[in-house]
Amino acid sequence: MIRAALVLFKILVLFALGAYLFRTTDLNSTSDLLMSANISLVTLAVGLMAFALLANAARWMLVTKVLTPPIGVGTAVLGTFEAMFFQQILPTGLGGDASRTLRARDAGVSLSQSVYGVIVDRANGLLFVALSILGAGWLSNSLVIKSRLFWVLLNCSVAISIGALGAIVVGVFISGERLPRMIRTPLRITQEYSRCMRNWYFLTLTLACLFASNAMYILSFKYCALALGVPIAWWDAIIIVQGMVLVSIIPFSIGGWGLREGAALLLFAPLHIQPSSAVAVSVLFGLVLTLLAIFGGTLWFTCGYKRFYYK
């Protein structure tokens with residue numbers, strides 16, 4: 001009954017988002033914009049996003065070097081692109097996390113260590129998104145910060161940052177030996193996260209990977225906008241992209257579709273950009289992600305799991 005209620009709730013949310021987009025957007029104009037997109041710039045956006053995923057793979061490798069037996073380059077790249085496929089076809093990012101866990105397990109990492117590594121890597125990415133939004137709110141004079149959605153994102157970013165700091169402290173001072181068994185696993189994850197975040201070598205290289213992947217991500221979004229004749233400034237792109245990322249992790253849609261477009265519509269509004277253009281940019285960006293997801297799905301279909309199938 002609970003599962004059925006959750007499915008129904010997600011369907012209602014999707015219908016509400018669709019109705020909102022339909023009411024506020026000229027879908028014919030959006031379609032015309034997408035059909036007139038500059039293919040060269042779209043191709044460049046796809047290439048930049050591929051480089052972003054390679055940087056994410058490098059970040060995951062760094063996590064495994066600290067927490068688990070390190071995975072190889074091939075495993076990290078394969079697992080990262082496969083995760084894109086599952087993120088686009090399932091209603092949360094958990095499908096991508098599960099596929100990366102399985103790929104690490106196939107490389108010889110224990111199941112628990114594989115799970116810890118993926119969760120810590122995901123937490124680092126989420127913290128960077130939160131810090132980017134906080135930094136934009138503090139340093140930027142972008143009109144996007146006047147959006148009502150931005151203040152929601154800002155509050156969420158504060159909560160995420162405080163939670164990360166709390167996890168680092170808890171991981172240092174609290175031992176789980178005398179705690180109930182059901183609490184030990186979350187505490188172990190917290191301890192592993194704390195251990196990573198207190199490793200200066202790890203932090204330095206991870207920050208470099210995060211800056212690289214996010215720069216490529218934002219550039220990809222900017223070129224999607226330029227492909228449709230919608231120029232946006234750097235700070236605007238940073239806030240909109242990170243806002244879309246933060247909103248799309250809410251498990252109410254498939255691959256972030258609908259949530260991402262709704263967020264773009266609200267965040268673009270202070271820039272006085274037409275709603276149809278805002279939605280078109282978000283849809284094109286989603287299609288770029290989908291192309292890479294298809295590539296990841298192809299890798300998943302063609303690359304078997306040696307540990308599970310051949311031994």
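This tour proceeds through a predicted model, one selection at a time.

**The whole chain**

Begin with the entire chain displayed as a cartoon. The chain contains 13 helices and zero strands, and its pattern along the sequence is accordingly a run of α elements from beginning to end. Of its 311 residues, 49% count as buried. Among the contacts with a separation of 6 or more, 75% join residues that are 24 or more positions apart.

**Helix α6 and helix α7**

Select residues 111–139, which form helix α6, and then residues 148–173, which form helix α7. The two axes come within 8 Å and cross at roughly 130 degrees. Why are these helices described as oblique? An angle over 115 degrees that does not exceed 145 falls outside the parallel, antiparallel and perpendicular ranges, and α6 and α7 are therefore oblique to each other. Their crossing is left-handed.

Next, display the side chains at this contact. On α6, select Leu126, Leu127, Ala130, Leu131, Ile133, Leu134 and Gly137. On α7, select Phe150, Leu153, Leu154, Ser157, Val158, Ile160, Ser161 and Ala164, which the α6 residues meet. By class, this contact has 12 nonpolar residues, three polar residues and no charged residues.

**Leu165, on helix α7**

Remain on α7 and select Leu165, which lies in this helix. Is Leu165 buried or exposed? Leu165 has a relative accessible area of 56%, and because the cut-off for exposed is over 50%, Leu165 is exposed. Then add Met197 to the selection: this residue is 32 residues from Leu165 along the chain, and the two C-alpha atoms are separated by 9.6 Å.

**Helix α6 and helix α10**

Return to α6 and add residues 234–248, helix α10. Here the axes are 10 Å apart and the packing angle is about 140 degrees, which makes α6 oblique to α10. The crossing of this pair is left-handed.

The α6 side of the contact consists of Leu126, Phe128, Val129, Ser132, Ile133, Gly135, Ala136 and Leu139. The α10 side consists of Trp235, Ile239, Gln242, Gly243, Val245 and Leu246. Sorted by class, the residues are 10 nonpolar, four polar and no charged. Leu126 and Ile133 deserve a separate colour, since they belong to the α6 side of the contact with α7 and also to the α6 side of the contact with α10.

**Helix α3 and helix α6**

Now select residues 39–67, helix α3, and keep α6 in view. These helices pack at an angle of about 130 degrees, with axes 9 Å apart, and α3 is thus oblique to α6. In this case α3 passes α6 in a right-handed crossing.

Four residues of α3 make the contact: Arg59, Trp60, Val63 and Leu67. Their partners on α6 are Gln113, Tyr116, Gly117, Val118, Val120, Asp121, Asn124 and Gly125. The contact of α3 with α6 comprises six nonpolar, four polar and two charged residues.

**Asp97, on helix α5**

Select Asp97, which lies in helix α5, residues 94–106. Asp97 has a relative accessible area of 13% and is buried. Which residues does Asp97 touch, apart from those up to four places away in sequence? They are Val118 and Arg122. Val118 is already familiar from the α6 side of the contact with α3.

**Met49, on helix α3**

Move back to α3 and select Met49. Its relative accessibility is 1%, and Met49 counts as buried. Beyond its neighbours within four places in sequence, Met49 is in contact with Tyr217, Ser220, Phe285, Val288, Leu289 and Leu292. Phe285 is 236 residues from Met49 along the chain, yet their C-alpha atoms are separated by 9.8 Å.

**Two cysteines**

Select Cys209 and then Cys224. Cys209, at 13% relative accessibility, counts as buried, as does Cys224, at 0%. A disulfide is a covalent bond between the sulfur atoms of two cysteines. How many disulfides does a search of the whole structure find? The number is zero.

**His272, in a loop**

Finish with His272, in the loop between α11 (259–268) and α12 (275–302). At 70% relative accessibility, His272 counts as exposed. Most residues other than glycine have a negative phi. The phi of His272, however, is positive, near 60 degrees.

Key: Residues are numbered from 1 along each chain as its sequence is written. This is a predicted model: local features need pLDDT of at least 70, side-chain atom pairs count only at pLDDT 80 or more; totals for chains, interfaces and linings use all residues. Side-chain values use heavy atoms; hydrogens and water are left out. Axes are lines fitted to C-alpha atoms, for helices over the stretch in contact, and angles run from 0 to 180 degrees between N-to-C directions. Helices (H or I, at least four residues) and strands (E, at least two) are DSSP runs, numbered from the N terminus. Angles under 35 degrees count as roughly parallel, over 145 as roughly antiparallel, 65 to 115 as roughly perpendicular and the rest as oblique. A crossing is left-handed if the near helix is turned anticlockwise from the far one by less than a right angle, and right-handed if clockwise. Contact means heavy atoms within 4.5 Å. Ala, Val, Leu, Ile, Met, Phe, Trp, Tyr, Cys and Pro count as nonpolar, Asp, Glu, Lys and Arg as charged, and the others, Gly among them, as polar. Buried means under 20% relative accessible area, exposed over 50%, partly exposed in between (1.4 Å probe, protein chains only). A disulfide is a pair of cysteine sulfur atoms within 2.5 Å.
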